[in-house]
Amino acid sequence: MSETTPGALQSIWPIMEEAFPPEERRTLTQQLEIIADQRYRMDFLYEDAALAGFIGYWLLDEFIFIEHLAVDAKMRGKGTGSKAVKNILSLGKPVVLEVEVPPSMKGVEIPPSMKGAEATPAMKGLEIPPRKSAEAPWPTETSTAETSVETRRIRMYERLGFVVQPYSYQHPAYDGSGKFIPMLIMVHGKNALSEQDFMRLKRIIYRDVYGVTP
């Protein structure tokens, strides 16, 4: 259920601030402006009638973009986030999201983005070529790296059917600093996007969600 009223936003804002650093979230004032956009939704998540978190997402023409998902630290471990994502998947459109780079992948060279790539036809169904099963999206993690928050989050999305895309991606910071934060894109499906389709997807996110030009 979408509950994007000023009072409702105030009630979940401590969860937003705990889950995301300033460069990865809007200010409360900016968020109040975004909820006026008809493409944007923010659903509140409950466990046993108690507010547990929220999921914010964009209903774009060609896919759904999950921008934020957060669960109150005291309510985690109950599958709340997974249930929220499953609800989005049930809407029947391709679903895309960003994740932070896990420790094991920091410093690992990713194929560079194809700047100036020609846009492909509309991505209905997100035309995805077969993925080479022998290729892992990042190095196998061991010891302490295996328990990193970033890795656990990626593994959760993989269990839900998302695939890490093997291309360079940077998240435009919300804090006005002009910084771009290295992240990964995950797309729901069994295979990796072609590079051209990835670049088209990136342009759509930058334009419609962040209001910037890649």
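Which residues of helix α4 (residues 149-159) are buried? I began there, keeping in mind that this is a predicted model.

**Entry 1: helix α4**

I listed Glu150, Thr151, Ile154, Met156 and Tyr157 as the buried residues of α4. I then looked up what they pack against, and found β3, α3 (80-89), β4 (95-100), β5 (162-164) and β7. After the helix comes Gly161, and I noted its positive phi, near 100 degrees.

**Entry 2: the chain overall**

I counted 5 helices and 7 strands in the protein chain. Read from the N terminus, the order is α-α-β-β-β-α-β-α-β-β-β-α. The protein chain has 214 residues, and 48% of them count as buried. I took the contacts with a separation of 6 or more and asked what share joins residues 24 or more positions apart; the figure is 69%. The exposed area of the chain is about 11,000 Å², and I recorded that carbon and sulfur atoms supply 53% of it.

**Entry 3: nonpolar cores**

Which members of the largest nonpolar core touch the most other members? I found Phe54, Phe65 and Ile205, in a core of 37 residues. At least two residues of this core come from each of α1 (6-19), α2 (28-34), β1 (40-47), β2 (50-59), β3 (64-71), β7 (180-188) and α5 (195-210). The most come from α5, which gives 8 residues. Apart from this core I noted another, of 21 residues, including Ala84, Leu97, Leu184 and Met186.

I then went back to Ile205 and left out neighbours within four places in sequence. Its contacts are Phe63, Phe65, Val96, Tyr169, Ile185 and Tyr210.

**Entry 4: aromatic pairs**

How many aromatic pairs does the whole structure hold? My search gave 8. For Tyr157 and Phe162 I read 5.7 Å between ring centres and 70 degrees between planes, so I logged the pair as edge-to-face. Tyr157 and Phe162 are both buried.

I also logged Tyr169 and Tyr206 as edge-to-face, with centres 5.9 Å apart and planes at 65 degrees. Tyr169 belongs to strand β6 (residues 169-172) and Tyr206 to helix α5, so this pair ties together parts 37 residues apart in sequence. Tyr169 and Tyr206 are each buried. Both of these tyrosines sit in one aromatic cluster with Phe65, Tyr174, Phe180 and Tyr210.

**Entry 5: salt bridges**

I counted 9 salt bridges. I looked up three of them.

Arg26 pairs with Glu67, and the closest N and O atoms are 2.8 Å apart. I placed Arg26 in the loop between α1 and α2 and Glu67 in strand β3, so the bridge ties together parts that are 41 residues apart in sequence. Are the two partners buried or exposed? Arg26 counts as buried because its relative accessibility is 6%, and Glu67 is buried at 8%.

Lys83 forms a salt bridge with Glu47, where the closest N and O atoms are 2.8 Å apart. This pair links distant parts of the chain, with Lys83 in helix α3 and Glu47 in strand β1, 36 residues apart. Lys83 has a relative accessible area of 42%, so I entered it as partly exposed. Glu47, at 10% relative accessibility, went down as buried.

For Arg207 and Asp208 I read an N to O distance of 2.6 Å in their salt bridge. Arg207 is exposed, with a relative accessible area of 53%, whereas Asp208 is buried at 17%. I followed the shared partners and found Asp37, Arg39, Arg207 and Asp208 joined into one network.

**Entry 6: Ala50**

The last residue I looked up was Ala50, in strand β2. Why does Ala50 count as partly exposed? Its relative accessibility is 31%, and the class applies because that value falls between the 20% and 50% cut-offs. Leaving aside neighbours within four places in sequence, I found Ala50 in contact with Leu45 and Met75. Ala50 and Met75 are 25 residues apart along the chain, and I read 9.2 Å between their C-alpha atoms.

Conventions: Residues numbered from 1 in each chain as written. Predicted model: local features only at pLDDT ≥ 70, side-chain atom pairs only at ≥ 80, totals over all residues. Heavy atoms only, no water. Core = buried A, V, L, I, M, F, W, Y, C linked by side-chain atoms within 4.5 Å. Buried < 20%, exposed > 50% of the residue type's maximum accessible area, 1.4 Å probe, protein only. Helix = DSSP H or I, 4+ residues; strand = E, 2+ residues; numbered from the N terminus. Contact = heavy atoms within 4.5 Å. Phe/Tyr/Trp six-rings, centres within 6.5 Å; stacked < 30°, edge-to-face > 60°. Areas by Shrake-Rupley, 256 points an atom, 1.4 Å probe, with all protein chains shown as cover. Salt bridge = Lys/Arg side-chain N within 4 Å of Asp/Glu carboxyl O.
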